[in-house]
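This briefing is meant for a reader who is meeting the structure for the first time. Please keep the sequence and the model in view while reading the points below.

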Amino acid sequence: GCRFEQGSGHGIAVTEGGHAKVTRCHFTENGWNGIAVTGSGSLLEANKNLLKGNFQNGMECWDGAAVILTNNECTGNSRNGIHIDCGQASATVLDNMLSGNREYGMVITSAGSGEITDNSIEKNILGGMVVKSGGAKVPVKENSISSNKGPGLVLEKGISEDAYSNNRISGNDGKQLISDIDFSNGE
């Protein structure tokens, strides 16, 4: 039930093997991410939080950190609602609402295990969801990806479209599904 507002950096940063449970908090207009988790052995469990208008992502994990993200709302952030770059650590992302972010609702760069299920991804400016080859081990299923200003789902080169067929992708301004994209020259 805490508020983390207009901080110069992250609302909360979990680092160096730290574990945090964050429930029913508001992260608004922070200078970086609403919540950041980084480093091998670090774990973030976030449930029923609002992450709105942060200058970077609503939530971001990288460098071997693991996440369990459930029932959060990430809206109006300057980059993505959620950015997953866990390396070989686990990423479980369930029942989140990702809307109105300036880039994508979710970007999955890398994760060794977990699942991305039952998320609602809508009205994001660049598109709905991006899955890069390092994130292809994680099942992405039963998500609703709709009404985004760009493509619904973007898959990197070498990822089979068949593994994503049980997501509901419709009404996006760009193509519903784009595959075989080469991200080697970009972020």
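What follows describes an open sheet, its edges, and a further set of paired strands.

The structure is a predicted model. Eight strands in it form an open sheet, and the pairing within that sheet is parallel. As general background, the strands of a sheet pair through backbone hydrogen bonds, in either a parallel or an antiparallel manner.

**The open sheet**

- Read across the sheet, the strands come in the order S1-S4-S7-S10-S13-S16-S19-S21.
- The edges are formed by strand S1, which covers 3–5, and strand S21, which covers 168–170, and each of these pairs on one side only.
- On average, neighbouring strands of this sheet are turned by 5 degrees against each other when direction is ignored.

**The pairing of S19 with S21**

- Strand S19, made up of residues 144–146, is joined to S21 over three bridges in the parallel sense.
- Within this pairing, Ile 145 has Ile 169 of S21 standing opposite.

**Strand S9 and its partners**

- Strand S9 spans residues 66–70, and because four of its five residues are buried, this strand is largely enclosed by the rest of the structure.
- Strand S6, which runs over residues 43–47, pairs with S9 in the parallel sense through five bridges, and here Leu 43 has Ala 66 in S9 as its bridge partner.
- S9 also pairs in the parallel sense with strand S12, residues 90–94, over four bridges, and in this case the bridge partner of Leu 69 is Val 93 in S12.

Technical notes: Residues numbered from 1 in each chain as written. Predicted model: local features only at pLDDT ≥ 70, side-chain atom pairs only at ≥ 80, totals over all residues. Heavy atoms only, no water. Pairing = 2+ DSSP bridges. Helix = DSSP H or I, 4+ residues; strand = E, 2+ residues; numbered from the N terminus. Axes fitted to C-alpha atoms, helices over the stretch in contact; angles between N-to-C directions. Buried < 20%, exposed > 50% of the residue type's maximum accessible area, 1.4 Å probe, protein only.
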